[in-house]
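Biologist: Could you take me on a close look at one part of this model, the largest pocket, and then show me how the rest of the chain is arranged around it? I would enjoy a connected account rather than a list.

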Amino acid sequence: MTIAQHKVVTIHYKVSDSESDEVIDSSENAEPMTYLHGAQNIIPGLEQALEGKAVGDELEVVVEAAEAYGERSDDRIQQVPMEAFQGMEKVEPGMAVTAQTDQGQINLVITEVNGDMVTVDANHPLAGKSLKFEVTVEDVRDASEEEMAHGHVHGPGGHEH
Ligand code: ZN
C-alpha cells in the first residue's frame with residue numbers, strides 16, 4: 001500500500017535546521033508520529049514528499065520555509081502596552097504567551113520589554129527556516145470513515161475521543 005489521500009501514515013522522523021544542522025525534533029526513542037495524509041495534518045512540503053511512498057521507504061527531504069512554517073513577517077511583530085499582560089506574574093523576553101484574537105487563539109513570543117511597551121512576535125518559531133526531514137515510513141493503512149470526517153487520526157498516536 002502506498003501513501004495517498006486518506007491513508008493513515010505512521011513515520012519515524014528527524015527534523016533539523018537545513019543550514020545549521022541543529023536537530024529541532026525527532027521521534028527517536030519515542031513513539032512514531034501518525035497522521036492522516038491529505039488532511040493538512042503536517043506541513044505541505046513533507047506531505048508532498050511522502051506521496052507515493054510505502055512501508056520501509058526512507059527519505060531525506062529539504063523543505064523550504066514557504067512549504068514548511070512560512071516566511072517570517074514583520075507584520076506579525078507588534079508592540080502592545082504592558083497592561084495587556086495583567087495577571088501575569090512576570091513579563092520577560094523569551095516567554096511564550098497565548099492571545100485571543102478575532103481569528104482565534106494565537107501563540108506569541110515576547111521578544112522585548114521596554115518600559116510600558118512589550119514587543120510580541122506571532123511568527124511561528126520555525127518560520128523562515130528551511131527544514132531537513134529524515135523520515136522512515138513505518139505503517140500505511142486506510143483511514144476509517146470517521147477519521148476522514150474528522151480530518152485526523154484516531155487510536156494509537158491520534159486523537160482519543
Ligand atoms: Zn476525531
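Modeller: Happy to. Let's begin with the secondary structure that frames the pocket: strand 1 (7-17) and strand 9 (131-142) each give at least two residues to the lining of the largest pocket. Please keep in mind that this is a predicted model. The space in this pocket comes to about 190 Å³.

Which residues line the largest pocket? The lining is made up of Tyr-13, Val-15, Asp-25, Met-33, Asn-41, Ile-42, Ile-43, Leu-46, Tyr-69, Leu-126, Leu-131 and Phe-133. By class, ten of the lining residues are nonpolar, one is polar and one is charged. The charged one is Asp-25 and the polar one is Asn-41, because Asp counts as charged while Asn falls outside both the nonpolar and the charged groups.

Phe-133 is a good residue to follow from here. It belongs to the pocket lining and lies in strand 9. Is Phe-133 buried or exposed? Its relative accessibility is 7%, so Phe-133 counts as buried, the cut-off for that class being under 20%. Setting aside residues up to four places away in sequence, Phe-133 touches Lys-14, Val-15, Ile-43, Leu-46, Leu-59, Glu-60, Val-61 and Val-63. Among these partners, Val-15, Ile-43 and Leu-46 also appear in the pocket lining. Phe-133 and Val-23 are 110 residues apart along the chain, and their C-alpha atoms are separated by 9.9 Å.

That pair leads on to the chain as a whole. The protein has two helices and nine strands, and along the sequence they run β-β-β-α-β-β-β-β-β-β-α. Of the contacts between residues at least 6 apart in sequence, 63% join residues at least 24 apart. The C-alpha trace spans about 60 × 40 × 30 Å along its principal axes, and buried residues account for 34% of the 161 residues.

Next come the loops that follow the early strands. Asp-21 sits in the loop between strand 1 and strand 2. With a relative accessible area of 47%, Asp-21 is partly exposed. Beyond its neighbours within four places in sequence, Asp-21 is in contact with Ser-16 and Lys-132. From Asp-21 to Ala-66 the C-alpha separation is 19 Å, with their positions 45 residues apart in sequence.

The loop between strand 2 (23-26) and strand 3 (33-36) holds Asn-29, and Glu-31 lies in the loop between strand 2 and strand 3 too. Asn-29 counts as exposed at 80% relative accessibility, and Glu-31 counts as exposed at 67%. Glu-31 and Glu-19 are twelve residues apart in sequence, yet 27 Å apart in space from C-alpha to C-alpha.

The backbone of Asn-29 deserves a look of its own: its phi is near 60°, a positive value in a residue other than glycine. Most residues other than glycine have a negative phi. Gln-40 is another case, with a positive phi of about 55° although it is not a glycine. Gln-40 is in the loop between strand 3 and helix 1 (44-50), and it counts as exposed at 72% relative accessibility.

Finally, there is the C-terminal part of the chain, where a zinc ion is bound. Which atoms coordinate the zinc ion? They are ND1 of His-150 and the NE2 atoms of His-152, His-154 and His-161, at 1.9 to 2.1 Å. The spacing of these donor residues in sequence is H-x1-H-x1-H-x6-H. The site is tetrahedral, with angles of 95 to 120° among its four donor atoms. For comparison, the ideal angle for four tetrahedral donors is 109.5 degrees. Of the donor residues, His-150 is partly exposed, with a relative accessible area of 39%, whereas His-154 is buried at 13%.

Val-153 is found in the segment after helix 2 (145-150). At 3% relative accessibility, Val-153 counts as buried. Not counting residues up to four places away in sequence, its contacts are Val-8, Thr-34, Tyr-35, Leu-36, Arg-141, Glu-147, Gly-158 and His-159. Val-153 and Glu-64 are 89 residues apart in sequence, with 26 Å between their C-alpha atoms.

Technical notes:
Residues are numbered from 1 along each chain as its sequence is written. This is a predicted model: local features need pLDDT of at least 70, side-chain atom pairs count only at pLDDT 80 or more; totals for chains, interfaces and linings use all residues. Side-chain values use heavy atoms; hydrogens and water are left out. On a 1 Å grid over the protein atoms alone, a cavity is a set of points where a 1.4 Å probe fits but cannot get out, and a pocket is an open set with protein on both sides within 12 Å along at least five of seven lines; lining residues have an atom within 4 Å of a point. Grid points are joined across faces, edges and corners, and a volume is the space filled by probe spheres set on the points. Helices (H or I, at least four residues) and strands (E, at least two) are DSSP runs, numbered from the N terminus. Donors are N, O and S atoms within 2.8 Å of the metal (3.2 Å for Na, K and Ca); water is not among the atoms, so sites may look incomplete. Four donors count as tetrahedral if all angles lie between 85 and 135 degrees; four count as square planar and six as octahedral if opposite donors are over 155 degrees apart and all others between 65 and 115; anything else is irregular. Buried means under 20% relative accessible area, exposed over 50%, partly exposed in between (1.4 Å probe, protein chains only). Contact means heavy atoms within 4.5 Å.
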